[in-house]
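Trainee: Hey, can you walk me through this protein? I'd like to get a feel for the pockets and the inside.

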Amino acid sequence: MTAISPTLPQQASAAEIVTELAHSARAAQRQLASMPSEARAAALHHAADQLRRDVSAILEANAKDLAAGKSAGLPGAMLDRLALDEARIEGIAAGVDAVARLSDPVGQIIDTSERPNGLKLSRIRVPIGVIGLIYESRPNVTADAAALCVRAGNAALMRGGSEAVHSNHAIHAAMTSGLVQAGVPAACVQIMPTQDRAMVGAMLTASGLIDMIVPRGGKGLVARVQADARVPVLAHLDGICHTYVHADADPAMAQDIVLNAKMRRTGICGAMETLLIDARFPKAAELVKALLASGCEVRGDGRAQSLDPRVEPAGPEDWDTEYLDAVVSAAIVDNMGEALAHIAAHSSAHTDAIITEDQSAAERFFASVDSAIVMHNASSQFADGAEFGLGAEIGIATGRLHARGPVALEGLTTYKWLVRGTGQARP
């Protein structure tokens with residue numbers, strides 16, 4: 001595990017630890033932000049190479065987490081999110097390389113103008129500063145978050161979940177080793193040295209020390225962060241994602257998309273959790289049977305139950321549940337208006353999709369659904385920063401301020417005004 005700073009007392013409180021780490025992160029971030037873009041990119045390539053070299057150590061650490069998770073009775077979907085193998089570690093390293101190759105937003109000119117008095121104004125993108133990340137389960141988040149923060153000139157203070165503690169620390173050690181070799185201060189990417197729950201509270205109340213908190217995990221974590229934070233929060237709510245099969249959907253396409261949206265990986269936030277089928281869609285029974293045949297439990301309203309005797313009755317809570325497992329709720333709706341009303345009532349504003357060959361229906365869906373990501377004829381499992389060409393993501397923001405949808409480099413910047421004068425004094 002990461003050692004606590006030697007400048008702290010042996011029994012330092014969570015607040016003292018966070019304060020110490022945040023101060024060192026602030027100093028390191030200023031140094032990082034002054035590095036040329038090419039140097040930050042090169043450092044990330046070094047970090048990716050170190051991840052590849054340390055694959056055995058990372059797998060050994062991950063085995064400890066998986067053994068503990070099985071003993072604790074973690075469900076299969078959670079264990080899948082936690083598990084690493086050589087291919088997944090290569091994917092993590094490739095993701096870091098991809099972030100390094102992305103265009104650097106720092107210093108980008110957003111707009112310029114000139115006032116009647118001759119003042120020339122411009123807005124440019126700058127790093128946010130010190131980013132606090134509180135996340136659960138998926139150890140790849142450690143590498144993704146570190147890479148995105150470094151590329152955009154930010155320092156990262158990370159607190160991962162206890163279920164992935166050994167994996168997170170192994171990935172952090174590899175990343176830090178590679179970055180330091182390339183001249184990036186080690187304090188730019190720090191992981192909390194203890195899993196004490198008090199560390200989360202100390203991060204949430206570190207106003208003036210941490211500039212933004214990004215929670216990534218289940219509803220309970222996000223709810224606590226939003227309730228307790230005294231630091232701005234980039235919210236990532238649960239993924240109650242809907243797929244609406246319109247009356248004019250192509251049946252073969254609908255089946256392919258629905259099966260992929262639910263069953264490709266059931267434990268990710270972009271997985272479909274509710275299927276809405278238009279009553280006029282001619283192949284509704286076949287769609288439900290295909291889900292059941294794939295090993296998915298279907299919980300439906302009365303009309304969905306009538307399609308197959310294996311469909312279990314859905315309770316009121318099912319329409320508001322992120323299963324993260326091979327379970328889906330299904331309802332038959334009379335028209336798009338009913339589908340839109342259901343989505344408005346139950347969506348978490350993450351990702352919602354329509355399957356239809358009617359372009360006007362798709363445009364109405366785009367205009368009416370107020371989610372961070374709205375899709376037409378595509379699986380909701382594409383709700384991912386890498387799939388959007390962003391290299392990686394720090395999370396899917398479902399709020400309405402600052403950033404929305406997959407948050408990558410641009411979402412980790414703010415801006416400042418530059419004002420150039422020639423001696424003007426305000427009258």
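Mentor: Sure, one term before we start: the helices are DSSP runs of at least four residues, numbered from the N terminus. Also keep in mind that this is a predicted model.

Trainee: Got it. Which helix gives the most to the lining of the largest pocket?

Mentor: That's H5, which supplies 6 residues of that lining.

Trainee: How many residues line the largest pocket, and which lie nearest its centre?

Mentor: There are 31 lining residues, and the ones nearest the centre are Arg138, Asn140, Arg264, Arg265 and Asp384. Two elements give two or more residues to the lining: helix H5 (86-101) and helix H6 (140-151).

Trainee: What's the volume of the largest pocket?

Mentor: About 730 Å³. As for the character of its lining, you get 12 nonpolar, 9 polar and 10 charged residues.

Trainee: And what volume does the second largest pocket have?

Mentor: That pocket comes to about 340 Å³. It is lined by 20 residues, with Leu390, Ala408, Leu409, Glu410 and Gly411 closest to its centre.

Trainee: Which strands each supply at least two residues of the lining there?

Mentor: Strand E15 (405-407) and strand E16 (413-420) do. E16 gives the most, with 3 residues. The lining of this second largest pocket splits into 9 nonpolar, 7 polar and 4 charged residues.

Trainee: Okay, stepping back. How many helices and strands does the protein have?

Mentor: It has 14 helices and 16 strands. The C-alpha trace spans about 70 × 65 × 35 Å along its principal axes.

Trainee: What would the radius of gyration be for a compact globule with 427 residues?

Mentor: Near 22 Å, and this protein has 23 Å, which agrees. Buried residues make up 54% of the 427 residues.

Trainee: What about contacts between residues at least 6 apart in sequence: what share join residues at least 24 apart?

Mentor: The share is 72%.

Trainee: Let's go inside, then. How many residues are in the largest nonpolar core?

Mentor: The largest nonpolar core has 55 residues, and the ones with the most contacts inside it are Leu51, Leu133, Met158, Met175 and Ile394. H6 gives the most to this core, with 8 residues.

Trainee: Pick Leu51 for me. What does Leu51 touch?

Mentor: Skipping residues up to four places away in sequence, Leu51 touches Ile58, Ile89, Ile92, Ala93, Val96, Ala143, Ile171, Ala174 and Met175. Apart from the largest core lies another one, of 25 residues, including Met199, Ala202, Ile210 and Ile213.

Trainee: New topic: where does Met192 lie?

Mentor: Met192 is in the loop between strand E5 (189-191) and helix H8 (198-204).

Trainee: Is Met192 buried or exposed?

Mentor: Buried, because its relative accessible area is 1%, and the cut-off for buried is under 20%. Leaving aside neighbours within four places in sequence, Met192 is in contact with Val18, Leu21, Leu157, Met158, Arg159, His169, Met199 and Met203. The C-alpha atoms of Met192 and Met158 are separated by 6.1 Å, although these residues are 34 apart along the chain.

Trainee: And Gln29, where is that found?

Mentor: Gln29 is in helix H1 (residues 14-33). Its relative accessibility is 8%, so Gln29 counts as buried. Among its contacts beyond four places in sequence are Pro127, Gly129, Asn154 and Cys188.

Trainee: Last one, helix H11. Which of its residues are buried?

Mentor: In H11 (residues 284-293), the buried ones are Ala284, Leu287, Val288, Ala290, Leu291 and Leu292.

Trainee: What covers the buried residues of H11?

Mentor: The cover includes strand E7 (241-245), helix H10 (251-263), strand E8 (272-278), strand E9 (297-300) and strand E11 (327-333). Just after H11, Gly295 takes a positive phi of about 95°.

Trainee: Why does Ala290 count as buried?

Mentor: Because its relative accessibility is 13%. Outside its neighbours within four places in sequence, Ala290 is in contact with Gln255 and Leu259.

Trainee: How many Å apart are Ala290 and Asp384 in space?

Mentor: They are 25 Å apart, C-alpha to C-alpha, and 94 residues apart in sequence.

Technical notes:
Residues numbered from 1 in each chain as written. Predicted model: local features only at pLDDT ≥ 70, side-chain atom pairs only at ≥ 80, totals over all residues. Heavy atoms only, no water. 1 Å grid on protein atoms, 1.4 Å probe; cavity = no way out; pocket = protein on both sides within 12 Å on 5 of 7 lines; lining within 4 Å. Points joined across faces, edges and corners; volume = space filled by probe spheres on them. Nonpolar A, V, L, I, M, F, W, Y, C, P; charged D, E, K, R; others polar. Core = buried A, V, L, I, M, F, W, Y, C linked by side-chain atoms within 4.5 Å. Buried < 20%, exposed > 50% of the residue type's maximum accessible area, 1.4 Å probe, protein only. Contact = heavy atoms within 4.5 Å. Rg over C-alpha atoms; globule rule 2.2 N^0.38 Å.
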